[in-house]
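Hi,

Here is the structure I said I would pass along. Have a look at it first, and then read my notes underneath.

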Amino acid sequence: MNVSSVHPFRIAGATRIGYVHLRVRDLERSLAFYLDVLGFKLVSGGAHTATLSATGRGPGLIVLTARKDAPARPPRSTGLYHFAIRVPSRRALAMVIRRLEEMQWPVQGYADHDVSEAVYLADPDGIGIEVYADRPRDEWPLRNGQVEMVTEPLELDRLMRELDTWPGEWQGIDPATDIGHIHLRVSSLATAEDFYGGVLGFEVMQRDLVGALFLAAGGYHHHIGVNTWASEGAPRPPADAVGLISFGVLVPDAQTLRDVTSRLSAAGSPLLNQDDGSLRAADPDSTFIEFFTR
């Protein structure tokens with residue numbers, strides 16, 4: 001049901017992605033990557049689950065849960081395309097890239113999106129990751145009222161000159177790092193737009209790229225990307241597969257959480273669990289989402 005035509009709604013502008021919860025096969029191996037290579041810090045850990053942040057203090061940005069016999073996600077299935085780690089500056093991005101070089105971690109590519117500069121890679125389980133730094137918002141190109149994102153070669157040498165006057169040593173990822181966006185494989189763009197746009201109230205920021213949509217709160221270039229490049233009409237992956245378990249959407253206040261709850265209920269979306277500060281739900285492809293306040 002598309003409730004947007006009956007009750008036009010935009011989710012609060014301060015809404016953003018709060019965390020990602022990933023299933024991995026080997027927790028020790030994954031921690032070696034996220035802590036030693038990318039430079040996150042451990043908030044808490046146990047035999048099978050660990051929570052990481054950029055500072056070592058909560059709230060966590062990345063939650064890892066291990067299951068050694070977790071199957072791979074089938075190539076033709078819905079689920080995570082990549083999650084995106086946002087660092088606060090070009091220098092912080094250059095520091096990550098230099099660290100990847102020092103650790104000889106393979107990079108899948110670099111890109112200049114006009115709104116941001118990015119490096120792409122995968123973790124030890126093949127989970128896709130983008131690390132990026134935004135350009136100033138007043139430099140983002142607009143066309144027909146929408147943010148115009150492109151994919152052009154990154155001027156890597158120019159970016160790395162950010163480190164020419166940096167005398168320090170690697171101390172880990174910048175403490176101001178957060179999760180900038182989540183990009184999902186979906187079975188239907190129309191259904192995904194109806195849910196993330198029509199029901200939840202994220203605004204479509206770009207629809208020019210064939211087979212993809214980008215949506216956001218508060219005029220950001222995108223908090224949620226969806227594509228059908230390898231998943232049109234595809235099933236969801238096995239429930240215990242490697243990859244995304246859930247992601248968190250941080251909303252600014254209790255009223256926004258109530259608004260989201262009402263919208264989901266009106267649309268007939270299943271509400272899996274709720275309390276005073278959070279709500280768990282699922283999108284049409286059974287990707288689990290937690291909406292929460294601090």
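Below is what I found in it, from the overall fold down to single side chains.

First, the ground rules. This is a predicted model, so to speak with caution built in: local features need pLDDT of at least 70, side-chain atom pairs count only at pLDDT 80 or more, and totals for chains, interfaces and linings use all residues. Residues are numbered from 1 along each chain as its sequence is written, and side-chain values use heavy atoms, with hydrogens and water left out.

**Overall**

The protein chain has 5 helices and 18 strands (DSSP runs numbered from the N terminus: H or I of at least four residues for helices, E of at least two for strands). Its radius of gyration is 19 Å, close to the 19 Å that the globule rule gives for 294 residues, so the chain is as compact as a globular protein of that length. That radius is taken over C-alpha atoms, and the rule is 2.2 Å times the number of residues to the power 0.38. Along the principal axes, the C-alpha atoms fill a box of roughly 55 × 50 × 35 Å.

Of the 294 residues, 53% count as buried (under 20% relative accessible area; exposed is over 50%, partly exposed in between, with a 1.4 Å probe and protein chains only). The accessible surface comes to about 13,100 Å², and 49% of that belongs to carbon and sulfur atoms (Shrake-Rupley, 1.4 Å probe; for residues, only the protein chains shown count as cover). Taking contacts between residues at least 6 apart in sequence, 68% join residues at least 24 apart (contact means heavy atoms within 4.5 Å).

**Helix 1**

Helix 1 covers residues 27–37, and its buried residues are Leu27, Ser30, Leu31, Phe33, Tyr34 and Val37. Aspartate 26 caps the N-terminal end, with a side-chain oxygen 3.1 Å from the backbone nitrogen of glutamate 28. Just after the helix, glycine 39 takes a positive phi of about 90°.

Serine 30 has 0% relative accessibility. Leaving out residues up to four places away in sequence, serine 30 touches Val24, Leu64, Pro124 and Asp125. From serine 30 to histidine 221 it is 30 Å, C-alpha to C-alpha, with their positions 191 residues apart in sequence.

**Histidine 183 and the patch**

Histidine 183 is in strand 11 (residues 178–185) and is buried at 4% relative accessibility. Its side chain makes a 3.0 Å polar contact with the side chain of asparagine 227 (a pair of N or O atoms within 3.5 Å; within protein, one must be able to donate a hydrogen and the other to accept it, and residues adjacent in sequence count only if both atoms are side-chain atoms). Again not counting residues up to four places away, the residues that histidine 183 touches include Tyr81 and Trp229.

Those two turn up again with Leu209 in a nonpolar surface patch of about 280 Å². Patches are made of residues with over 30% relative accessible area and no salt bridge; like charges are joined within 9 Å, and nonpolar side chains (Val, Leu, Ile, Met, Phe, Trp, Tyr) within 5 Å. Tryptophan 229 sits in the loop between strand 14 (224–227) and strand 15 (243–250), and is partly exposed at 41%.

**Salt bridges**

How many salt bridges does the structure hold? There are 15 (a side-chain nitrogen of Lys or Arg within 4 Å of a carboxyl oxygen of Asp or Glu). Here are some of them:

- Arginine 67 and aspartate 69 meet at 2.9 Å, N to O; arginine 67 is partly exposed at 37%, while aspartate 69 is exposed at 53%.
- Aspartate 208 and arginine 143 meet at 2.5 Å, N to O. This pair links distant parts of the chain, 65 residues apart: aspartate 208 is in the loop between strand 12 (203–206) and strand 13 (212–216), and arginine 143 is in strand 9 (residues 142–143).
- Arginine 207 and glutamate 193 meet at 2.7 Å, N to O. Arginine 207 lies in the loop between strand 12 and strand 13 and glutamate 193 in helix 4 (residues 189–199), so the pair ties together parts 14 residues apart in sequence.

In addition, salt bridges that share partners join Arg90, Asp112, Glu117, Arg135 and Glu162 into one network.

Cheers
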